[in-house]
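Welcome! Take a moment to turn the model around on your screen, and then let us walk through a few of its residues together.

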Amino acid sequence: MKKLQIIDRSRDEDFMREAMALAAEGASFGEVPVGAVVVRDGVVIGRGFNCPILRHDPSAHAEMVAIRAAAESAQNYRLPGSTLYVTLEPCSMCAGLIVHARIGRVVFGAVEPKAGAAISRGRFFEQTHLNHRVMVEGGVLGEACGALLSDFFRQRRLEKG
């Protein structure tokens, strides 16, 4: 019998703020400011920010880093009953990882109109052939998450002159 996941939305903004702090940390290294945390039973078990430049790893998206850390912490490659908070709508690579890791819920901030796989460019999690269902909620602190990205890219344009 499948365990029912109880959703506690009361702390969504708190966890998103933690993801935003990680995004800002990534920006301080010149990385695109996206941050993520994995939470299970009200406890953060994985954290990450975009770091493909730092790690010379094109897969080092915030979600990937946070899920890897959570799996290590849990000593399990599957993370049932967990929630991933990420400041930007996941891409298709990260969406696939979320399903494989059996993340129960994804909460994202800003939409990603160019490559978002949750709602913007596709509805990856709604595909009927997937063997795991993920609940998705977008827009939590969406304006603030979007501002992190807009400010970062505005600053980059100014620096290039």
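Leaving aside its neighbours within four places in sequence, which residues is R133 in contact with? They are I103, G104, F125, Q127 and T128. Keep in mind as you look that this is a predicted model.

**Around R133**

To find R133, look in the loop between β4 (105-110) and β5 (135-138). R133 has a relative accessibility of 41% and therefore counts as partly exposed, since that class runs between the 20% and 50% cut-offs. Its side chain reaches two backbone oxygens: that of Q127 at 3.1 Å and that of L130 at 3.3 Å. Q127 thus appears twice in this picture, as a contact of R133 and as the owner of a backbone oxygen that the R133 side chain reaches. Now compare sequence and space for R133 and R102: they are 31 residues apart along the chain, and their C-alpha atoms are 8.2 Å apart.

**The annotated domain**

The unreviewed UniProt entry carries the annotation "domain: CMP/dCMP-type deaminase" for residues 10-137. In the model, this span is 34% helix and 23% strand. The C-alpha atoms at its two ends lie 14 Å apart.

**Aromatic pairs**

How many aromatic pairs does a search of the whole structure find? It finds 4, and two of them are described in the table.

| Pair | Arrangement | Centre to centre | Angle between planes |
|---|---|---|---|
| F15 and Y85 | tilted | 5.2 Å | 35° |
| F152 and F153 | edge-to-face | 5.1 Å | 80° |

Let us take F15 and Y85 to begin with. F15 belongs to helix α1 (residues 12-28) and Y85 to strand β3 (residues 82-88), so their pairing ties together parts that are 70 residues apart in sequence. Are these two residues buried or exposed? F15 is buried, because its relative accessible area of 6% is under 20%. Y85 is buried as well, with a relative accessible area of 2%.

The other pair in the table, F152 and F153, is edge-to-face, with 80° between the planes. Here, F152 counts as buried at 12% relative accessibility, whereas F153 counts as partly exposed at 33%. Try placing F153 beside R133 in your notes: R133, at 41% relative accessibility, counts as partly exposed too.

Definitions and conventions. Residues are numbered from 1 along each chain as its sequence is written. Side-chain values use heavy atoms; hydrogens and water are left out. UniProt positions are given in the numbering used here, feature names are shortened, and annotations may be inferred rather than shown by experiment. Helices (H or I, at least four residues) and strands (E, at least two) are DSSP runs, numbered from the N terminus. Buried means under 20% relative accessible area, exposed over 50%, partly exposed in between (1.4 Å probe, protein chains only). Contact means heavy atoms within 4.5 Å. A polar contact is a pair of N or O atoms within 3.5 Å; within protein, one must be able to donate a hydrogen and the other to accept it, and residues adjacent in sequence count only if both atoms are side-chain atoms. Rings of Phe, Tyr and Trp (its six-membered ring) pair if their centres lie within 6.5 Å; planes under 30 degrees apart count as stacked, over 60 as edge-to-face and the rest as tilted.
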